[in-house]
Amino acid sequence: MAQFTRLEVAQVMKDTGMVPLFYHKDLEISKKVITACYNGGARLLEFTARGDFAHEVFGELVKYVTKELPEMVMGVGSVTDAAAASRFMSLGANFIVTPVLREDIAIVCNRRKVLWSPGCGTLTEIARAEELGCEIVKLFPGDIYGPQFVKGIKGPQPWTSIMPTGGVSPTKENLEGWFGAGVTCVGMGSQLMAKDANGNFDYAKIESLTKGAIEIIKGLKK
């Protein structure tokens with residue numbers, strides 16, 4: 001079961017301004033990456049469950065986070081159907097993120113009062129997601145649409161909360177563009193998950209990038 005309510009998760013997203021995205025099939029590597037993000041100030045993480053047996057890794061990660069990183073809100077991304085959403089919620093997912101708008105996922109998440117964020121690419125999709133109870137809409141792929149799209153949406157719908165994923169990097173210029181356009185938070189994956197010359201995750205760099213990005217975002221939100 002989720003440890004945080006839908007409204008609590010939405011508030012953490014708004015307060016933190018950033019959701020790291022990460023997936024790896026190795027449990028120990030995943031623990032180290034999540035810890036690095038946590039030490040950098042992140043209080044949410046989207047586990048982009050794209051591999052075989054991803055639910056088994058996620059279940060163990062939730063147990064680890066609950067014990068060692070109690071303020072971390074764990075969610076799952078790349079969810080494509082209601083059955084998968086239900087499975088991950090039973091393993092402790094506090095929010096569900098999808099690449100597309102699916103009403104069957106909205107129903108199972110709303111039934112358990114778990115926040116869900118569907119990938120939308122048109123104003124019509126965004127409006128439908130909000131009619132289905134969505135608190136924060138995922139703009140995906142963000143690099144295709146860009147900050148100008150966000151400005152366009154916020155014109156007729158200033159109440160809409162948007163989280164772009166894709167095309168987001170931990171630089172001041174990039175984040176200024178998104179938050180200047182009016183996003184509520186951003187999802188950040190490959191640009192945040194630094195690796196060394198040998199292709200191994202650089203945990204110290206991940207922590208540093210996370211901390212730097214959150215500091216930039218806080219400054220932009222003032």
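1. A pocket here is an open set of grid points with protein on both sides within 12 Å along at least five of seven lines. In this predicted model, the largest pocket holds about 360 Å³ of space. Its lining is made up of 20 residues, and those closest to the pocket centre are L21, T48, R50, G189 and S190.

2. Three strands take part in the lining of the largest pocket with at least two residues each: β1 (18-22), β2 (44-48) and β8 (186-188). Sorted by class, that lining comprises nine polar, eight nonpolar and three charged residues.

3. Apart from the pocket, the model has one cavity of 30 Å³ or more. The volume of the largest cavity is about 40 Å³. Its lining consists of Q3, V62, V65, T66, M72, M74, G92 and N94. Helix α3 (residues 54-68) gives the largest share of this lining, with three residues. Four of the lining residues of the largest cavity are nonpolar and four are polar, with no charged residues.

4. On overall architecture, the chain contains nine helices and eight strands. Its radius of gyration is 16 Å, close to the 17 Å expected from the globule rule for 222 residues, so the chain is as compact as a globular protein of that length. Along the principal axes, the C-alpha atoms occupy a box of roughly 45 × 40 × 25 Å.

5. On packing and surface, 48% of the 222 residues count as buried. If one takes the contacts between residues at least 6 apart in sequence, 60% of them join residues at least 24 apart. The accessible surface of the chain amounts to about 10100 Å², and carbon and sulfur atoms account for 51% of that area.

6. One loop residue can be described in detail. Q157 sits in the loop between α7 (142-154) and β7 (162-164). Is Q157 buried or exposed? Its relative accessible area is 10%, and because the cut-off for buried is under 20%, Q157 counts as buried. Leaving aside residues up to four places away in sequence, Q157 touches L123, I126, A127 and E130.

Note on methods: Residues numbered from 1 in each chain as written. Predicted model: local features only at pLDDT ≥ 70, side-chain atom pairs only at ≥ 80, totals over all residues. Heavy atoms only, no water. 1 Å grid on protein atoms, 1.4 Å probe; cavity = no way out; pocket = protein on both sides within 12 Å on 5 of 7 lines; lining within 4 Å. Points joined across faces, edges and corners; volume = space filled by probe spheres on them. Helix = DSSP H or I, 4+ residues; strand = E, 2+ residues; numbered from the N terminus. Nonpolar A, V, L, I, M, F, W, Y, C, P; charged D, E, K, R; others polar. Rg over C-alpha atoms; globule rule 2.2 N^0.38 Å. Buried < 20%, exposed > 50% of the residue type's maximum accessible area, 1.4 Å probe, protein only. Contact = heavy atoms within 4.5 Å. Areas by Shrake-Rupley, 256 points an atom, 1.4 Å probe, with all protein chains shown as cover.
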